[in-house]
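Got your viewer open? Let's take a walk through this structure, one selection at a time.

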Amino acid sequence: MCEEIKGGEQVMVLWGGSSPSSNLQDIVKDLSSKVGEAGKIQVEHIERVHLAGHKDSSFDVILSGMLQPSLTIHTSTILAELARILKPNGKLTVREPVSKTPDSNLKTPSKLISAMKLSGLVNVSEPDSVSLTDDEVMEIKSILKCPGDLSVVEVTCSKPAFEVGSSSQLSLSFAKKTNTDTTDKSKVDGSAAKVWTLSAMDMADDDVDLVDEDDLLDDDDFLKPDPSTLKADCGPGTGKRKACKNCSCGLAEELENENVAEKKTTTTKTSACGNCYLGDAFRCASCPYLGMPAFKPGEKISLSDRQLKADV
């Protein structure tokens, strides 16, 4: 456990359960001799590590669950927090009780490895079984309330060589590349262009079979079309015809002329009192027929040439 720890490193020791183990002081003393005065040993309860407010990349090594009995359960939240406070290339060693049955409350060894990888940790080792006495196994089962097949494994991993969320600028060159090839690839191969070139002599050659464009027309192409068939089928199929927007077939002008003629026929002078045809004696001052002779209802009014001439 302490073989890879070097002098001057920042080491965190995590413990779980209701009270620290009796061998906690021995482990801290052993680690302190490894890191020396330049190093630091931080002891923390695993349930409060995310409340301690440690800065990013604070520790070189983190040891979790190393105290007996190993009761530490590493959730995805705890693993993500440990990955945050680890320095790049920092080492993490965990011990955790696992179960071989998937329906247990504990993780299986494969799920423990997957959880560490999903937390951003790399170089995850295969689970190494920790030797336990029968009394230690029974104690862990009674505390965790896991009656099934139980064992404790040790897994080591590390943080990637970069910080979480770090970015790096890519050196991209958008300068125009110099062409070292002396051959001009933009020029067309002369032999290839010659295949598709026809000269005036080639067109006059008797061997060239040309098709007369008049032969491509049939009898229906020479028939004069009916003007009525040239009109577009504007508007709906049934009901009133309606010209399309930006009409170009002439329907818009035709409908406009029909509307003008309809307005001329419908715009007639009407009488408010109904006595206009009787003569000026029965007409009001605003009558449109004032000054005209009497006429029968519905009769068209016609004036003689004498009436149209002014009195001198």
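Start with the whole protein chain: of its 312 residues, 27% count as buried. Keep in mind that you're looking at a predicted model. Switch on a surface, and the chain exposes about 22,800 Å², with carbon and sulfur atoms supplying 52% of that area. Now go to a cartoon view, where the protein chain shows nine helices and six strands. If you draw the contacts with a separation of 6 or more, 67% of them join residues 24 or more positions apart.

**Stop 1: the sheet**

Color the strands. All six form an open sheet with mixed pairing, and the order across it is S2-S1-S3-S4-S6-S5. Which strands are at the edges? Select residues 40-45 for S2 and 128-129 for S5: these are the edge strands, and each pairs on one side only.

Next, pick S4, residues 86-99. Is S4 largely enclosed or open to the outside? Ten of its 14 residues are buried, so the rest of the structure largely encloses this strand.

Now look at the partners of S4. With S3, the pairing is parallel and runs over five bridges; show Leu63 and you'll find Thr93 of S4 opposite. With S6, S4 pairs in the antiparallel sense over nine bridges. Two spots are worth labeling there: Val94 stands opposite Val155 of S6, and Pro97 stands opposite Val152 of S6. As for what joins such neighbors, strands of a sheet pair through backbone hydrogen bonds, either parallel or antiparallel.

**Stop 2: the helices on the sheet**

Select residues 24-35, which is helix H1. This helix packs on the sheet and touches S1, S2 and S3, with its direction making about 150 degrees with that of S2. Then move to H2, residues 76-85. H2 packs on the sheet as well, touching S1, S3 and S4, and its direction makes about 155 degrees with that of S4. Trace the path from S3 through H2 to S4, and you've followed a right-handed β-α-β unit.

**Stop 3: the nonpolar cores**

Time to show side chains. The largest nonpolar core has 24 residues; Ile62, Leu82, Leu92 and Met116 touch the most other members. At least two residues each come from S1 (10-15), S3 (59-64), H2, S4, H3 (109-118) and S6 (150-158). Which element gives the most to this core? It's H2, with five residues.

Zoom in on Leu92. Beyond its neighbors within four places in sequence, Leu92 is in contact with Ile62, Leu82, Leu86, Met116, Leu121, Val155, Thr156 and Cys157. Apart from this core lies another one, made of 13 residues; try selecting Ile5, Ile27, Val35 and Leu67, which are among them.

**Stop 4: a loop further along**

For the last stop, select Met292, in the loop between helix H8 (251-266) and helix H9 (305-308). Is Met292 buried, exposed or partly exposed? Its relative accessible area is 26%, so Met292 counts as partly exposed. Add Asp280 to the selection and draw a distance between the two C-alpha atoms: these residues are twelve apart along the chain, and the separation is 7.5 Å.

Definitions and conventions. Residues are numbered from 1 along each chain as its sequence is written. This is a predicted model: local features need pLDDT of at least 70, side-chain atom pairs count only at pLDDT 80 or more; totals for chains, interfaces and linings use all residues. Side-chain values use heavy atoms; hydrogens and water are left out. A nonpolar core is a set of buried Ala, Val, Leu, Ile, Met, Phe, Trp, Tyr and Cys residues joined through side-chain atoms within 4.5 Å. Buried means under 20% relative accessible area, exposed over 50%, partly exposed in between (1.4 Å probe, protein chains only). Helices (H or I, at least four residues) and strands (E, at least two) are DSSP runs, numbered from the N terminus. Contact means heavy atoms within 4.5 Å. Two strands pair if DSSP finds at least two bridges between them. Axes are lines fitted to C-alpha atoms, for helices over the stretch in contact, and angles run from 0 to 180 degrees between N-to-C directions. Accessible areas come from the Shrake-Rupley method with a 1.4 Å probe; for residues, only the protein chains shown count as cover. A crossover is right-handed if, with the strands pointing away from the viewer, the path from the first strand over the helix to the second runs clockwise.
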